[in-house]
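Biologist: Before I trust any labels, I'd like to hear what stands behind them. Can we go through a few together?

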Amino acid sequence: MSYEGIKAYLLVILIGISVLLSIALWTYQPNYEQFQDPDYVNEVNIGGKEQDKKDLITPSSIVFHDDQRVLGFNEPTEKNELYESMNTWIMSSAKERDSVGPPNERRFMEIIFPTEIPGKVIPNLFTFNEEINPPNWLFNRILVTFNSNDSSLLVHFISTDEKRELVATIEKAEHYDLLFDYAVDHTNLIDYTRFRTKEKPFYVPNEALDLTSKTLVISKIQPEKLVNALFRDPSEVTPNVAEAYFTDGQRGMSVSNNDNRIEFINPIQTSVEDSFRINLLEQSIAKINEHKGWTNDYALDDINKDQSKVEFRLMYDGLPVFDRNHLTTIEQKWEGQELFEYNRSLIRLTYEVNLTPKKLISGTELVEFIEERELFDLNDIEDIKVGYELKILPNASDSMLLEPNWYIKINGKWQLVDVDDLAEGGE
């Protein structure tokens, strides 16, 4: 074959290879799913820590019943310390049964939670000497009764409809003695009054409370860190600095309240699944743990199955923190396994710089105040508690005030009751 023939032959082969490669490129369908794995987690740390159910599910009240008297802690930190200690006590012989009704004993202890808790989490909250079969029902109260015959404690997890209970035994005598001393000697306890409404009973202290307003220095979480935590592909996110808004074309995150809060929305188009409370709780905790999102102390405040919503509230020195601008809660809404909304504060409380004493009227005086002024129908009140009001200080962008006040819960919402004039002797 001549030299010119060889060149022509090679040219035909090269043209053929080029055509085959072009066809392959035109027809290739890449599998993008491997790059959009919904289980992919960005390694992000916004400056907080990880928490588990035991850290986040804490009681709002612990009271002791001694005949007709009801007593509770004067210091909320002591209540929390006792409960944390009880988490480690070994329980045995756990059995589910029909509820036998209110205790017949003269003395017993009552632990109350702020929302209905799935019975499935009981093994996550307390220590058992063997694997137990947790119940499918919900609970928001635990009763502890005393068995004087062998110095043991019976722990009753009561279903919210009060028809079923899970009963376990604590056999260590020193734990019996500790709780019995509280119930009999009333060490560090003050008298409370029980109120019964159409929702559930709640307890308020009979004595005025000596508390402290606290000014704290704050720091702020950078919104960009949450972009990395919440968007599947942060490189696709476009910031709009003028409007404090981030979007990848589908999801959006806005920064509001003077860069103090973010609101993330993922408008997914899926059929809404019936999410059980346990799934909602576990998904919400895991999502925040992914980016070390517990930047202060938080506690579970509500699980709303109908709205697929979970809410955690900021806590400080054992008291809940409230405000008017939603800066003290972390809220999530889910559609099945997908996060639909995520709203949280960007504020982190750091250290105290000023303390001012403040006296609050007693809980019984508060109820009288509400009745006299006809502020609310007592039957509509779901709960009453002391909490801190978070206030933004004028001309001090790096500080905030935590001021103790009375709060009442009506229709699932907490409201401040302004009684400062009464505490100061006014009308």
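Modeller: Sure, starting with accessibility: buried means under 20% relative accessible area, exposed means over 50%, and partly exposed lies in between (1.4 Å probe, protein chains only). Keep in mind that this is a predicted model, where local features need pLDDT of at least 70, side-chain atom pairs count only at pLDDT 80 or more, and totals for chains, interfaces and linings use all residues. Residues are numbered from 1 along each chain as its sequence is written, and side-chain values use heavy atoms, with hydrogens and water left out.

Biologist: Why is Arg164 called partly exposed?

Modeller: Its relative accessible area is 27%, and partly exposed is the class between 20% and 50%, so the label fits.

Biologist: And what makes Asp98 exposed?

Modeller: Asp98 comes out at 51%. The cut-off is over 50%, so Asp98 passes.

Biologist: How do you know that Arg164 and Asp98 form a salt bridge?

Modeller: A salt bridge needs a side-chain nitrogen of Lys or Arg within 4 Å of a carboxyl oxygen of Asp or Glu. Here the N to O distance is 2.5 Å, so the pair qualifies. Arg164 sits in strand β8 (residues 164-170) and Asp98 in strand β3 (residues 90-98), 66 residues apart; strands are DSSP runs of E with at least two residues, helices are runs of H or I with at least four, and both are numbered from the N terminus.

Biologist: Why does Arg277 with Glu116 count too?

Modeller: Their closest N and O atoms are 3.6 Å apart, so the pair meets the cut-off. Arg277 belongs to helix α7 (residues 277-290) and Glu116 to strand β4 (residues 107-118), with their positions 161 residues apart. Glu116 is partly exposed at 29%.

Biologist: What about Glu389 and Lys391: how does their N to O distance stand against the definition?

Modeller: That distance is 4.0 Å, and the definition says within 4 Å, so the pair is listed as a salt bridge. Glu389 has 7% relative accessible area, so it is buried, while Lys391 is partly exposed at 30%. Both belong to a salt-bridge network with Arg324, Lys358 and Glu403.

Biologist: Which residues does Thr160 contact?

Modeller: Leaving aside neighbours within four places in sequence, Thr160 touches Glu116, Leu138, Phe139 and Asn140; contact means heavy atoms within 4.5 Å. Thr160 lies in the loop between β7 (152-159) and β8.

Biologist: How many salt bridges are there in the whole structure?

Modeller: The search finds 28.
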